[in-house]
Amino acid sequence: TALNPWDVMLCVSGTAIACENALVVAIICYSPALRTPMFVLVGSLATADLLAGLGLILNFVFQYVIRSETVSLLTVGFLVASFAASVSSLLAITVDRYLSLYNALTYYSERTVLCIHTMLAGAWGVSLCLGLLPVLGWNCLHDRAACSVVRPLTKSNVTLLSASFFLIFLIMLHLYIEICKIVCRHAHQIALQQHFLTASHYVATKKGVSTLAIILGTFGASWLPFAIYCVVGDPDYPSVYTYATLLPATYNSMINPIIYAYRNQEIQRSMWVLFCGCLQAKVSFRSRSPSDV
């Protein structure tokens, strides 16, 4: 079978995703200091994105090497579960950031650790169930009329996945708006205490709000086109439309480690230790809290 350039680009994207996130997972597993709830969430996100990258690679290999309906279902189910876990982990990180600001005094407690673990268990459990649906029979292998723009998923299946994404996106949007309100309120309180808002406070507040907008904007720009096309698209449309909306969605897993991991100074320090074997004494690092954005 002739190689489809879109499949090649998805495979290349999956390779980049797997390499980036494998490094994050290795750093978190290697460093005993990175055991806080914040890094558990980042590790969950990196693991989900790593699996998604591997899924894209396996899908390419099996599509051109081992052509089997069973293998196709398994790889599609694997990809659905991985990307669902990635999006769910992003939601968990957003909730964690909100709680770290809203309940700042009680955030560092055993209750928070239990809450984080419960969120992750629920997120991965739901993601696994979504991935098993096509494998357990919710597919269109024997009913072509029920196929969606993403074969072999059915129209009702992709509608469920898209509705779940829209719900998660709205929740994240609401939480980030609340986070912006809290950040601005804190800046206002500092201004009242000091009788004026210093330039540094204004710059920090503006930077925080801008970063939140970039995070949410990147997430929405990556996934919204694909989610919308899954609802309004028709399986008779050219497959190039599916590829053109799916490829940007994979870029979100490529950008996640940059936003949530490599910008963190604790992970930067662990990278120095991992690759150099020692940390230069002249290099100083500041511990970051979950609310740092």
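Which residues does serine 127 touch, not counting residues up to four places away in sequence? Let's work up to that and more in a few exercises on this predicted model.

**Exercise 1. Place serine 127 and list its neighbours.**

*Solution.*
- Step 1: find the element. Serine 127 lies in helix 4.
- Step 2: check its surface. Its relative accessibility is 1%, and buried means under 20%, so serine 127 counts as buried.
- Step 3: list the contacts. Leaving out residues up to four places away in sequence, serine 127 touches Ala81, Ala84, Ala85 and Ser88.
- Step 4: compare chain and space for one of these partners. Serine 127 and alanine 81 are 46 residues apart along the chain, yet their C-alpha atoms are separated by 4.8 Å.

**Exercise 2. Do the overall count: how many helices and strands does the chain have, and what pattern do they follow?**

*Solution.*
- Step 1: count. You'll find 8 helices and 0 strands.
- Step 2: read along the sequence. The pattern is α-α-α-α-α-α-α-α.
- Step 3: look at burial. The chain has 293 residues, and 45% of them count as buried.
- Step 4: look at the contacts between residues at least 6 apart in sequence. Of these, 75% join residues at least 24 apart.

**Exercise 3. Take serine 86 and alanine 123, and work out where each one sits and how far apart they are.**

*Solution.*
- Step 1: start with serine 86. You'll find this residue in helix 3, which runs over residues 69–102.
- Step 2: check its burial. Serine 86 has a relative accessible area of 1%, so this residue is buried.
- Step 3: look around it. Apart from residues up to four places away in sequence, serine 86 touches Leu45, Ala48, Asp49, Ser253 and Asn256.
- Step 4: move to alanine 123. That one is in helix 4, residues 110–135, and counts as buried at 11% relative accessibility.
- Step 5: put the pair together. They are 37 residues apart in sequence and 9.1 Å apart in space, C-alpha to C-alpha.

**Exercise 4. Compare the record with the model: what does the chain look like over residues 6–31 and 72–93?**

*Solution.*
- Step 1: read the record. An unreviewed UniProt entry carries the annotation "transmembrane region" for several stretches, including residues 6–31 and 72–93.
- Step 2: take residues 6–31. Here the chain is 96% helix and 0% strand, with end C-alpha atoms 38 Å apart.
- Step 3: take residues 72–93. This stretch is 100% helix and 0% strand, and its end C-alpha atoms are 32 Å apart.

**Exercise 5. Find the disulfide and describe it.**

*Solution.*
- Step 1: search the whole structure. The search gives 1 disulfide.
- Step 2: name the partners. Cysteine 140 is joined to cysteine 147, with S to S at 2.0 Å.
- Step 3: get the handedness. The angle about the S-S bond is 95°, and the link of cysteine 140 and cysteine 147 is right-handed.
- Step 4: check burial. Cysteine 140 counts as buried at 1% relative accessibility, and cysteine 147 counts as buried at 1% too.

**Exercise 6. Which helix gives the most to the largest nonpolar core?**

*Solution.*
- Step 1: size it up. The largest nonpolar core has 45 residues, and among those with the most contacts inside it are Phe165, Phe219 and Trp223.
- Step 2: see who contributes. Helix 2, helix 3, helix 4, helix 5, helix 6 and helix 7 each supply at least two residues of this core.
- Step 3: pick the top contributor. That's helix 3, with 12 residues.
- Step 4: zoom in on phenylalanine 165. Besides residues up to four places away in sequence, phenylalanine 165 touches Val87, Phe219, Trp223, Leu224 and Ala227.
- Step 5: don't miss the other one. A second, separate core has 14 residues, including Ala18, Val25, Ala261 and Ile267.

**Exercise 7. Check the span of helix 8, then say why its buried residues line one face.**

*Solution.*
- Step 1: work out the expected span. Helix 8 covers residues 265–276, and at 1.5 Å a residue its 12 residues should span 16 Å.
- Step 2: compare with the model. The end C-alpha atoms of helix 8 are 16 Å apart, which agrees.
- Step 3: pick out the buried residues. In helix 8 these are Glu266, Ile267 and Ser270.
- Step 4: look down the axis. The buried residues of helix 8 fall within an arc of 90°, so they line one face of the helix.
- Step 5: ask what covers them. The cover includes helix 1, helix 2 and helix 7.

Notes: Residues numbered from 1 in each chain as written. Predicted model: local features only at pLDDT ≥ 70, side-chain atom pairs only at ≥ 80, totals over all residues. Heavy atoms only, no water. Helix = DSSP H or I, 4+ residues; strand = E, 2+ residues; numbered from the N terminus. Buried < 20%, exposed > 50% of the residue type's maximum accessible area, 1.4 Å probe, protein only. Contact = heavy atoms within 4.5 Å. UniProt positions renumbered as here; feature names shortened; annotations may be inferred. Disulfide = S-S within 2.5 Å. Core = buried A, V, L, I, M, F, W, Y, C linked by side-chain atoms within 4.5 Å. Expected span 1.5 Å × (residues − 1). Arc of directions from axis to C-beta.
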